[in-house]
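Grab a coffee and work through these short exercises on charged side chains. Try each task yourself before reading the solution.

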Amino acid sequence: MYKKIIVPVEMGTIERGERAFRKAATLLDAGGEIILLNVVQDVPTYIAVDLPAELIDNAIDDGRAQLEQLRLRTGIPAKVEIGRGPAAHGILAAAAAHDADLIIVASHVPDFSNYFIGATADRVVRHAKCSVLVDR
C-alpha cells in the first residue's frame, strides 16, 4: 500500500512507537522502506548554560540506540534516523526529505495544555503533504 513510511518514536513512550512500527510493517509495499525517527529537541540557550554540554549528544546517542534495539527486537527492517528541533517540524522535514507517502504517528489522550498549544500529532496532521495515520 505504501512505499515509504515515517514512524516517529518518542523515547518516553517507546511502547506506543513499537505499536505504530508494527502497524507500518503491515502497510508497507514489497520493496518499501520504513524510517524509524526520533526528534531531539534543542535546548534554548538561556537554559543550556546550566546544563552539561554533552546533553544533546547523549540524547541523540540514546535515541539511536533505543531505535536500533526496537528494530532488532521486532525483526522488522527499517532505517533509523535522528532529527533535531521541534518534534512536528522534524517529522515533517523527514517526510519531505524521504518523499514519504505515509506518516504513522502515535497519539495520546490530550491534556488541558493541548487545547491551547496543540499536540505534535495535531501539527503533523495539519501540515503534512502526505497521508497521516494517527494510532490511538
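**Charges on show, charges in pairs**

To warm up: Glu54, Asp57, Asp61 and Asp62 come together as a negatively charged patch on the surface. One of them, Asp61, sits in helix α3 (residues 55–74). Keep in mind that this is a predicted model.

**Exercise 1.** Find out which element has the lowest mean pLDDT and which the highest.

*Solution.* Start with the whole protein: the mean pLDDT is 89, and 88% of residues reach 70 or more. Now go element by element: helix α2 (residues 45–48) comes out lowest at 66, while strand β1 (residues 2–8) comes out highest at 98. Where pLDDT is low, don't read the predicted coordinates in detail.

**Exercise 2.** Work out which elements the salt bridge between Asp135 and Arg19 links, and decide whether Asp135 is buried or exposed.

*Solution.* First, check the contact: N to O is 3.1 Å. Next, place the partners: Asp135 is in strand β5 (residues 131–135) and Arg19 in helix α1 (residues 14–27), 116 residues apart. Last, look at accessibility: Asp135 has 7%, and the cut-off for buried is under 20%, so Asp135 is buried. Arg19, at 43%, is partly exposed.

**Exercise 3.** Say how far apart in the chain Glu68 and Arg71 are, and how close their N and O atoms come.

*Solution.* Both residues lie in helix α3, 3 residues apart, or about one helix turn. Their closest N and O atoms are 2.5 Å apart, in a salt bridge. On accessibility, Glu68 is partly exposed at 28%, and Arg71 is partly exposed at 23%.

Technical notes: Residues are numbered from 1 along each chain as its sequence is written. This is a predicted model: local features need pLDDT of at least 70, side-chain atom pairs count only at pLDDT 80 or more; totals for chains, interfaces and linings use all residues. Side-chain values use heavy atoms; hydrogens and water are left out. Patches are made of residues with over 30% relative accessible area and no salt bridge: like charges are joined within 9 Å, nonpolar side chains (Val, Leu, Ile, Met, Phe, Trp, Tyr) within 5 Å. Accessible areas come from the Shrake-Rupley method with a 1.4 Å probe; for residues, only the protein chains shown count as cover. A salt bridge is a side-chain nitrogen of Lys or Arg within 4 Å of a carboxyl oxygen of Asp or Glu. Lys and Arg count as positive and Asp and Glu as negative; His and the chain ends are not counted. The place of a charge is taken as NZ of Lys, CZ of Arg, CG of Asp or CD of Glu. Helices (H or I, at least four residues) and strands (E, at least two) are DSSP runs, numbered from the N terminus. pLDDT is the predictor's confidence in each residue, from 0 to 100. Buried means under 20% relative accessible area, exposed over 50%, partly exposed in between (1.4 Å probe, protein chains only).
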